[in-house]
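Let us walk through this structure together, one part at a time. Please keep the 3D view open as you read.

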Amino acid sequence: MSHGSAADKCEPNLVPMLDMVLQLVMFFMVCANFVMEQVNESIKLPEAVVAKPIEKEEYFIFLNINKDGHVLLSALDAIGDDRILTNPKRVETYMKQRAKEDLRAAGSDKNTVPRSVIILRVDREAPFVRAAGSDKPGVYEIMKACRAAGYEKVLLRAIQFGGQIEKP
Amino acid sequence: MSGKHKRTETEFVEPDLPITPMLDMSFQLMAFFIFTFRPAPTEGQIAMALPKLDGGQDAIPSISEDKPVAFVVQAEAAPNGTIASMSISEKDAADTKPELLGADFEKYRHALKTRFDAMKGKPAKLTLKIGDGLLQEYVVRLLDIGNQTGFVDIAPIPLDPKKQ
């Protein structure tokens with residue numbers, strides 16, 4: 001009767017460890033923040049308690065507005081090479097083009113409202129109304145440009161904030 | 001040669017699946033996901049109506065006797081884009097003297113809550129007149145508190161009538 005020999009192996013059981021590691025990998029893969037093409041990460045959104053969870057809209061147009069009041073378009077949304085709209089006139093022209101496409105795609109008559117909902121992602125440091133003597137367009141001017149193009153619905157994005165708003 | 005093959009008994013071979021390289025790769029994958037993992041803040045949304053067009057058609061007047069009471073909040077901006085001062089008044093009220101709220105959001109919240117509770121379920125509208133240069137952060141905060149106190153119909157517009 002032999003008590004062990006040189007041929008006997010003493011290996012740790014790696015299978016449960018592998019199982020656990022693969023589960024962790026799966027977790028991180030599922031939770032990974034896949035960057036949405038239309039969401040600009042440089043925009044710092046304000047916080048709001050009443051911001052409701054996002055409902056998936058079937059037809060939408062993302063407008064990312066940076067702190068200078070410029071509209072940043074994604075490669076998907078841009079018409080031509082123009083991806084930064086620096087003034088409300090250009091926003092209006094762009095939105096009118098989008099409205100035309102929208103109506104054509106919906107097969108609607110001329111006088112109907114475009115079906116898309118505008119999703120505004122506005123930087124917290126963007127001015128709502130243009131300050132006197134400033135070249136930064138206000139958010140209100142961009143909203144007016146959207147309205148002039150025929151759009152009616154708008155959703156303002158904010159970070160969901162659970163607590164009481166602190167004093168400034 | 002007899003031409004007959006004697007069936008030899010094959011030895012049992014234990015399959016050896018090398019787990020170590022698989023584990024190495026899994027660790028590498030896990031390290032990649034850990035380093036690139038950035039939990040994104042949860043975004044929500046606030047529904048708003050776009051401003052009316054200049055000279056556009058007004059909404060059809062309601063035949064209901066419950067005409068909404070309109071409150072107006074004026075928010076002046078400081079040069080750095082924060083709130084310098086706020087005031088609240090009731091539109092078309094006999095006593096048109098606005099209540100001054102300073103730059104205190106708690107006062108603003110209290111003023112709105114008192115007025116909304118006094119309405120006892122009657123429809124109420126809140127107009128936010130925003131001063132030039134006020135930052136979006138503060139506009140959203142005003143909207144947010146307005147919604148929290150019960151107002152549903154809230155319209156932010158510029159304080160300067162020429163810009164409306």
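What follows goes from the interface of two chains to the sheet inside one of them.

A word on conventions comes before the tour. This is a predicted model, in which local features need pLDDT of at least 70 and side-chain atom pairs count only at pLDDT 80 or more, while totals for chains, interfaces and linings use all residues. Residues are numbered from 1 along each chain as its sequence is written, chains are lettered from A and ligands numbered from 1 in the order in which they are written, and side-chain values use heavy atoms, with hydrogens and water left out.

Let us begin where the chains meet. Here 53 residues of chain B are in contact with 60 residues of chain A, contact meaning heavy atoms within 4.5 Å. Together the two chains bury about 5,100 Å², and 68% of this lies on carbon and sulfur atoms; buried area is the accessible area (1.4 Å probe) that two parts lose on being put together, summed over both. On the side of chain B, the residues that lose the most area to chain A are B:Glu43, B:Gln45 and B:Leu50, which together make up 17% of what that side buries.

B:Glu43 also takes part in a salt bridge: its side chain meets that of A:Arg157 at 2.9 Å, N to O. The chains share 2 salt bridges, the term being used for a side-chain nitrogen of Lys or Arg within 4 Å of a carboxyl oxygen of Asp or Glu.

Strands link the chains as well. Strand E2 (residues 52-53) of chain A pairs with E1(B) in the antiparallel sense over 2 bridges, and A:Lys52 has B:Gln45 as its bridge partner. Strands here are DSSP runs of at least two residues (E), helices runs of at least four (H or I), numbered from the N terminus, and two strands pair if DSSP finds at least two bridges between them.

Now turn to chain B itself. Its open sheet of 5 strands has mixed pairing and the order E4-E3-E2-E5-E6. Strand E4 (99-102) and E6 of chain B stand at the edges with a single partner strand each, so one side of each has no neighbour in the sheet. Strand E5 (residues 124-130) of chain B runs parallel to E6(B), joined by 6 bridges, and B:Lys125 stands opposite B:Asp153 in E6(B).
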